[in-house]
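Q: Please take me through this structure, and say what stands behind each label you use.

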Amino acid sequence: MSTLTHNTVDRLDRPSAYYISKNKRRKFQDELESQEEAPDPLANATTLYVGNLSFYTTEEQIHELFSKCGEVKRLVMGLDRFNKTPCGFCFVEYYTHQDALDCLKYVGGTKLDERIIRTDLDPGFEEGRQYGRGKSGGQVRDEYREEFDPGRGGYGRAYADDQRRREEEEYGKGK
Amino acid sequence: MADYERRHNGPPRGGGRKRRYRDDDDFDRRQQRRRYEEPLSGRVRRLLFTIAESVVRRVEDDVAYIAKTVAENYEDEELRNTYIDATIDLAVEQPLKIPFVAATVLVANSHRSELVAEVLQKASSTLQNFINVGAWREVKLLVRFFGCLQFIFEGDGIFPLLEELFARAVDQQTASSEDLLGLELVKIILFTIPYVMASPATGFGGHANALLEKTDIIASTPHALVDLVKPFPKEDEEPVATPSIISLLQTQLQAESSRNWELVCLPRPWNIPPEGEEEQKPLEPGTRHAFPQITVPNPVPNGARAIFPEVYLSVYANQEVETVPPLSDITSSLLRDSLVDTINLLDFNRNATAKMLIDVDCYFTPHTFVKRATPFDRLRELPQDRPTWKPEDVAVDAVFSQLFQLPTPEHKLVYYHSVLTECCKVGPAAIAPSLGRAIRFLYRGLEVIDLDLTHRFLDWFSHHLSNFGFTWKWSEWVDDLDLPIVHPKMSFINGAIDKEIRLSFAQRIRGTLPDPYQDLITEGKEKDIPDFKYSVDTTPYANEGRELMQLIRKKAGDEEIQPIIASIEEQAKEHGVEEPMLPSTDAFVTSICFVGAKSLSHVLSCIERNKERLLAIGPQSSRARNQIVTSVMEYWADQPGIAINIIDKLLNYTILTPLSVIEWALVENLAAGNILARTEIYEMVAATIGKVTNRLRQIVAARVQPGLYEPQLSVIDDTLHREKADMQALFKVTEDSLVSIANGSNDEQMERGDGSGGLPEDGILRQWGHRWLRVFRRKAAVEEAFIAEAMAGATPVGTVAPPQPVQPAASAGAPVQDANDGDLDVADADAAGQ
């Protein structure tokens, strides 16, 4: 392990651009209210958000892979808000911060169930966050996806609905 | 819409120009942007960080450019500091680049020696810090950096420091015959010499030889612990030689000395090859510097990481064509050493690691290797006098040496998996065949390799395949399917398929296997939810079992469950069952498994709801605890990964004790040793023992924290002794049971066949006994050593706090932090134990 404070190559165990930008926005608003610097919620984070899972990937599969970085304390599957079926993400909680960092470094970006998965450090699971926030219950990214992804319910739902409607209209025209 | 609104809240955008449509931006925006000129410091930094990485640029040019630019702009403080910091950072983080970085310093000295004086000053203070904390790898790398600079030092340069390190090594060795720190110091000396001798400095052959003569006795004497870390336990069965790293290097250096220190593989990038007719200009030393003052404390401090002897393992030794440098060539050690350090230092970016490994040929003399991705078969056609070493094999070999490092590598095993995965992604055509040959070597050695390493191989193999569509040429092992099921090769094949299924699913894996393997995936493995045995009427207590399951499913309270349990026990008593609680426990645990079969969280919440009853079973008898394990293992017999996972959780809930799990496997179900061939059993036993040793390490950490006084001291000390005794008991049970198998004195084994122990499989079973025994003896020894070493510096029991609280010194910040952590751990652990 390197002992440098500033490394000569990038580190893979940093929060993602997504988290940072989301936080920046929040921070900007916060700063309007108070000038105080809030403590970094990720400084001791033991939880990871895991994305781009197949809807069919099971808890056991996730456990099998993620326990290679340390004992898994808790695993929360992401569910469709309406159907309560897996919708392609989960939270993995470890006992230690180091295990979570190691997971970012060694498992994030590798394959599970033959899909490249994404891991991101997370301040911690809270009730309610296990549900998809998309209009139809799943994750937002699965609403408008134009590519067919058999592991994530085919085409995006909104996109597929839209397609269907258009096809129906076209069909009506031809009559 | 939301996007628009947010924009109004945000800071005003450039020029107040309102953006209406995306399309507006699409033309000409770029061109309006001001030309950006990179500051010189940025350019130099980038060039330095990527030095030698390019196959198209000549590194000598970059070296000369960097040296000249920094020297000529000596007044540019930012540039100067960037250069100094980057130089030292690279030395301790990217060891492959040390000769190149050092070359920039050599060349810079002929331009501007004040600059170099500053580099040396910063490097020496950094080195001093590393020596003070016992970070010996970093010490080795910075000493190497200085070694490369021997040319610009006055007098003997680095040799007095090496002599001093040697003197400390001797002190260490004389103080204790088991000393390893002294060996580490000798390793530093030996790995410095070649870089000094390859540097432009001349006339130091005598110094080097004198040192080598002295190190010989320490380097060549085998350490008592070296047998512990040998990947192939039996010398006469070693498929390849695995000498200790320092004894190997000592021999290689002596040979190199007799060849006038050719050291062909080490780059000499300070010479710009002459263009055209021009004579090559020799490098000017510039003003020479006094070697910086470095103090080596006496005795030398021990670092954070435990030191063990290291051996040199190559998975590519003994091939018909050499694809890696042989042990007789110093190139093998020099390549391996800097690759291994690179791998272990860059664990925070496996992509960077993989890139450096793939680029290994850039960091050594051109033509050290054959061209990248040269197929193995093509090597035979190469002219005899040219090396046939494949850069891929050398790189992959270094990763395997770490993956198979005993007792444990520096990082989690999965890191080394991920490096191999990335290498394979960067150059699949080049790397995959190399991995294939490594896999074949390891597979051939399955009967003789250390059992822990068998499991690392198994775990890596299945994980690796899961990243590459589960493709493997299974057809080449078809003949081995006729071997007995307990044969190490069959055990590996079954274990690998099971692990593949765990990462995927049975049907998918079935599709990747040729016909002869199909029978290995039983029908049961394809069932998501295994059958509930009580749904068959012929099963004893079928009605009660079903009723119990329904109650658990509808989350009934204990008052509803109790009558069913009682009814089973009553019937059992009537049937003359000795311990009626066994059938009731079986029905209860099996029902929990069945109801929770949907997923891990289902079974966990089932366990959670019935925790009280489960907790009450264990204390009643050892057979009751045994029954819990049996019920889980039987229900999930086809998917053992899930079974051992549940066992693991039951341990966390303290529904099971570690001892009960070990006894289940190694006493109750030993089956004359047959169980030892099951990979998931090894996994379960190793995980259970790992839990115990981890906990003990936490307690030790709490015990030795500075600033701990009575009465807490005695409390923690008592806990430590109690738990240590438990751990020893656990190892004792393991040992006794395995010894009986290894010696063939196990009762069941003797009762088999004619009792002569002459059945064809008996030999295999005894071997399993030996192999298991070696692993768990080593684990026990490592833990004992860890505790003994940690406790050596512990505050003695009875120490009371000094009357006046000492003001915490600034430097004590880190240990205090640790102490707090340790404290928490024990509190947690105790809470869990209650």
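A: Chain A exposes about 9,800 Å², by the Shrake-Rupley method with a 1.4 Å probe, where for residues only the protein chains shown count as cover. Carbon and sulfur atoms supply 51% of that area. This is a predicted model, in which local features need pLDDT of at least 70, side-chain atom pairs count only at pLDDT 80 or more, and totals for chains, interfaces and linings use all residues. Residues are numbered from 1 along each chain as its sequence is written, chains are lettered from A and ligands numbered from 1 in the order in which they are written, and side-chain values use heavy atoms, without hydrogens and water.

Q: What makes up the fold of chain A?
A: Chain A has 4 helices and 6 strands. These are DSSP runs, numbered from the N terminus: helices are H or I of at least four residues, strands E of at least two. Along the sequence the pattern reads α-β-α-β-β-α-β-β-β-α. Contact means heavy atoms within 4.5 Å. Among chain A contacts between residues at least 6 apart in sequence, 64% join residues at least 24 apart.

Q: Why is A:Y155 called partly exposed?
A: Buried means under 20% relative accessible area, exposed over 50%, and partly exposed in between (1.4 Å probe, protein chains only). A:Y155 has 41% relative accessibility, so it counts as partly exposed. By contrast, buried residues make up 47% of the 175 residues in chain A.

Q: Where does A:Y155 sit, and what does it touch?
A: A:Y155 lies in the loop between β6 (118-122) and α4 (157-174) of chain A. Leaving out residues up to four places away in sequence, A:Y155 touches A:R145, A:E146, A:E147, A:F148 and A:A160. A:Y144 is 11 residues from A:Y155 along the chain, and their C-alpha atoms are 7.9 Å apart.

Q: Why is strand β2 of chain A described as largely enclosed?
A: Strand β2 covers residues 72-79, and 6 of its 8 residues are buried, so the rest of the structure largely encloses it.

Q: How do you know that β2(A) and β3(A) pair?
A: Two strands pair if DSSP finds at least two bridges between them. β2(A) and β3(A) (residues 86-94) have 6 bridges, in the antiparallel sense. A:V72 stands opposite A:Y94 in β3(A). The hairpin has 6 residues between the strands, and A:K84 takes a positive phi near 55 degrees there.

Q: What makes a space in this model a cavity, and how many are there?
A: On a 1 Å grid over the protein atoms alone, a cavity is a set of points where a 1.4 Å probe fits but cannot get out. Lining residues have an atom within 4 Å of a point. Points are joined across faces, edges and corners, and the volume is the space filled by probe spheres set on them. By this rule there are 8 cavities of 30 Å³ or more. The largest has a volume of about 80 Å³.

Q: Which classes of residue line the second largest cavity?
A: Ala, Val, Leu, Ile, Met, Phe, Trp, Tyr, Cys and Pro count as nonpolar, Asp, Glu, Lys and Arg as charged, and the others, Gly among them, as polar. The lining has 7 nonpolar, 1 polar and 2 charged residues. Among them are B:Y312, B:L335, B:R336 and B:D397. α14 (330-345) and α17 (391-403) of chain B each give two or more residues. α14(B) has the largest share, 4 residues.

Terms used. 1 Å grid on protein atoms, 1.4 Å probe; cavity = no way out; pocket = protein on both sides within 12 Å on 5 of 7 lines; lining within 4 Å.
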